[in-house]
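Me: I would like to go through this structure slowly, with a question at each step and the reasoning spelled out.

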Amino acid sequence: MEFESVSGRLREVRVVTRPTADGRSSVSFRNFVIEIPYSRDLKLNIGTLLAVDTMEEGTSLILEVADFIPVHYGMLNLDGTIPKEIRDQVMEGVESSWKAGESKEMWVDVFAYPIGYLMTSSGFKKGYVPPLPGTSVRILSKEAFRKFVCYEGGVEIGKVLGQDIPLTINLNKALVYHMGIFAFTGSGKSNLTASLIRRVLRYTDAKVIIADISMEYAVLLIDQILEHNSLLISTERYPQNPSDARRKFLRSHVVPEELDDIREKIGDAAESIFRGQKARYLYMPPEGSVELTYGDLVELVKSQIDDKYTAFAQKPLFSLLLKRLDQFMRENKISKESVLDDTVIPLLEEASERAREAGLRENSSIFTFISSVKSYISTESPESNEYDVEKLAIDILDRDPSSSRLFIVELPNLDEARELLASLIEHVMSRRKRAFSNLPILFVLDEAQEFIPFDTRQRDRSELSSSAVEKLLRHGRKYHLHTLISTQRLAYLNTNVLQQLHTYFISTLPRPYDRQLVSETFGVSDALLDRTLDLEVGQWLLVSFKASLPHDVPVFFSAPNNLDELRRGLQ
Ligand SMILES: Nc1ncnc2c1ncn2[C@@H]1O[C@H](COP(=O)(O)OP(=O)(O)OP(=O)(O)O)[C@@H](O)[C@H]1O
Ligand SMILES: [Mg+2]
C-alpha cells in the first residue's frame with residue numbers, strides 16, 4: 001500500500017519571498033496549505049511526505065510537511081472583542097469536541113512545501129508541475145517513505161523521527177562529497193561525529209584522521225582505538241611507564257559524567273593503548289623553521305634572474321631552470337606549497353650540466369646556487385626518531401592492510417593545530433598526487449571555525465589552515481581525500497567552503513542567519529529549517545545534495561548515542 005488511508009485537500013498555495021542572508025538578492029519558497037480531517041489517531045510528523053495531483057495527468061507532486069496546526073471552525077473568529085462569557089462557553093465546547101474525537105468542525109492545517117520530485121506511474125523523477133487546488137492530498141505510507149528516502153542496503157545512522165524506521169545512507173558517497181555538522185553548542189555534534197566515524201571504520205575502507213583541539217575523541221572512540229590499528233598522537237609527552245601514562249591520560253582528558261561508572265575501564269583501555277605502542281609523541285619544529293617549498297625555489301631562481309649582480313651569461317641558464325621547474329611542477333601536479341624534496345635533484349643536475357656545456361667557470365654563482373639547494377635537500381632535517389608531520393603523512397598514506405586506520409591527533413594549542421593541519425594537508429596532498437591511490441582518507445575537523453574562520457589572520461596561522469582546508473575541499477575528491485567539518489556557527493566560517501559540502505547534518509541553530517544560509521544553499525524551505533529549533537539533543541535534520549540519499553529529501557532523525565556504543569564496545 002503506497003498511501004495511508006486518510007487524505008486531505010490542497011487549500012492554498014502561498015509564495016514567500018525574503019531577502020537572502022547576505023542581503024544581496026532574494027529567494028522565494030512555495031508553501032502549500034492542506035487540510036486534513038482531524039482524528040485522534042492521525043499520524044502526521046514533521047517530514048512526512050505527501051502526494052498531490054498536478055496539471056499533468058497521472059503525475060503527483062511530492063510535498064514535505066514542515067508544520068501542522070489543529071483548527072476548530074468554532075474558534076476561527078473568536079477574538080478578544082467577543083465577551084468573555086461567550087468566549088469561555090465556546091472554548092469549553094471546543095475542548096469537549098477535541099476530546100470526543102472526530103467532528104466535521106475540526107481539521108488540521110498542514111503546511112508543506114515541494115521538494116522537487118514528481119511521482120508518476122513509472123516511479124519518481126525530478127521536477128515540478130503545479131498542483132491542482134482542491135484536489136486530494138495523500139500521505140505516503142511508511143514503506144513508500146522508506147523506499148523513497150532511505151538508501152537500500154545502506155548504513156544505518158539512526159531512526160527517522162516519528163516513523164520508527166532506520167535511516168540508512170550511502171556512506172561511501174557521503175564521504176566522497178564531504179560532510180558538515182552544524183548545531184548550537186551542546187546539541188551533540190561531537191557525539192554524532194564520533195558515531196559517524198565508528199561507521200566509517202566499520203563499513204568503508206577509509207582511514208580517518210581527527211584534528212582534535214578539545215581532546216575529546218580519544219575517550220569518545222577509545223574502544224575503536226583498541227579495535228582497529230590506530231595511533232593516538234599528541235604534542236605532549238606521556239610517561240614511558242604505561243600505568244603513569246594512564247594516570248596522565250585520565251588527568252588530561254574529560255571523561256563525560258555519563259561514563260563515571262566505567263572510568264576505570266576507560267583507564268584500562270588507555271593503559272593498553274600505551275602498552276600496545278599505539279601512542280606517539282608528535283614533534284613540532286620550532287616556530288619559523290619552516291621548510292622550503294617548490295614555490296620558494298621558484299622565487300629564489302627568479303630573484304637570481306632579477307639580481308643585477310648575476311652575470312649576464314648566467315641569466316639565460318637561470319631562466320631555463322625556471323622554465324624546466326615550471327614544466328616539472330605542472331607535469332607532476334606539484335603545487336607551490338609542496339615541500340621541496342629530492343625529486344627535483346635531476347632537474348638541478350641537468351641545469352649544472354647545461355652550465356658546464358656553456359663553459360661557465362666552476363666558481364660561477366649558478367653552480368654555488370645549485371649546490372646549496374642540493375645540500376639543503378640532502379641534509380636530513382635534524383635526523384631523529386621523532387614522529388613528525390612527514391612520518392604522520394606517510395603512515396596515513398600507507399596502503400598496507402596492517403597500517404593504522406584511525407589517527408587521533410591531539411592539538412590543544414590552537415596556533416600549533418592550524419600550522420600542523422596545514423602542513424599535514426600539504427604533505428598528504430602532494431604525496432597523493434605523485435603516488436596516486438584510491439584508498440579514501442577522511443579528515444575530521446571538529447570546531448572547524450578555528451581552522452577555516454570567516455576572517456583569517458596571518459598571526460594566528462588561520463590563513464595557512466584556511467587555505468589548506470579550502471584546497472582539500474575543492475580538490476580532495478579527485479585524490480580520494482575527504483572532509484567532515486563540524487561547527488556551531490556557520491556565520492563564523494569561511495563561507496567559500498560551504499558549497500563544497502554535499503551532506504549537512506543540522507540541529508538547533510538559534511541564529512536566523514545560519515538557518516537561512518542552509519535553506520538558500522539547498523533550496524530547502526525556511527519553514528522546515530525553523531523546525532530544527534524544536535529538535536532535542538541527538539536529533540538531526542539530514543540534508544543531502546546528490547550524496548547520502550537516493551533522493552534529495554531533507555529528513556529528520558535521531559542519532560544513536562555514541563556513549564552507549566562506546567560502552568558496548570568496551571564490554
Ligand atoms: N544522540 C545522542 N543521544 C543521547 N545523548 C546525546 C546524543 N548526542 C549528544 N548527547 C549528549 O549531549 C551532550 C553534548 O553532546 P556533545 O558534546 O556531542 O555536543 P557538542 O555539540 O559537540 O557540544 P560543543 O559545542 O560543546 O562541542 C553530551 O553529554 C552527550 O552525551
Ligand atoms: Mg563538541
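What follows is a set of questions and answers on a predicted model.

Me: Into which domains is the chain divided, and how far apart do the C-alpha centres of domain 1 and domain 3 lie?
Reply: The domain assignment gives domain 1 as residues 3-149, domain 2 as two stretches, 166-287 and 383-570, and domain 3 as 294-378. Between the C-alpha centres of domain 1 and domain 3, the distance is 71 Å.

Me: Does helix α1 lie largely in the open or is it buried, and how many of its residues are buried?
Reply: Helix α1 covers residues 84-100, and its 17 residues reach 24 Å from the first C-alpha to the last, close to the 24 Å expected at 1.5 Å a residue. A residue counts as buried if 20 or more other C-beta atoms lie within 10 Å of its own. α1 lies largely in the open, because the number of its 17 residues that pass as buried is zero.

Me: Which residue just after α1 takes a positive phi?
Reply: The helix itself ends at residue 100. Just after α1, a positive phi of about 105 degrees is taken by glycine 101.

Me: Which strands stand at the edges of the open sheet of twelve strands?
Reply: The order of this sheet, whose pairing is mixed, is β9-β8-β19-β18-β17-β10-β16-β15-β11-β14-β12-β13. Two strands each have a single partner, so one side of each is left without a neighbour in the sheet, and these edge strands are β9 (166-169) and β13 (279-281).

Me: By how many degrees are neighbouring strands of this sheet turned against each other on average?
Reply: The sheet in question is the open one of twelve strands. With direction ignored, its neighbouring strands are turned against each other, on average, by 25 degrees.

Me: Which residues of strand β17 are buried on its two faces, and which residue of β18 is the bridge partner of isoleucine 506?
Reply: Strand β17 (residues 503-506) is covered on both faces, with Thr503 and Phe505 buried on one side and Tyr504 and Ile506 buried on the other. Four bridges join β17 in parallel to β10 (residues 179-182), where glycine 180 stands opposite tyrosine 504. Four bridges also join β17 to β18 (residues 539-544), which run antiparallel, and there the partner of isoleucine 506 is leucine 541.

Me: Which residue of β19 stands opposite tryptophan 540?
Reply: Strand β18 is joined to β19 (residues 555-558) by four bridges, and the two run antiparallel. Opposite tryptophan 540 in β19 stands phenylalanine 557.

Terms used:
Residues numbered from 1 in each chain as written. Chains lettered and ligands numbered in written order. Predicted model: local features only at pLDDT ≥ 70, side-chain atom pairs only at ≥ 80, totals over all residues. Expected span 1.5 Å × (residues − 1). Buried ≥ 20, exposed ≤ 12 C-beta atoms within 10 Å, placed from the backbone. Domains from an automatic or database assignment. Pairing = 2+ DSSP bridges. Axes fitted to C-alpha atoms, helices over the stretch in contact; angles between N-to-C directions.
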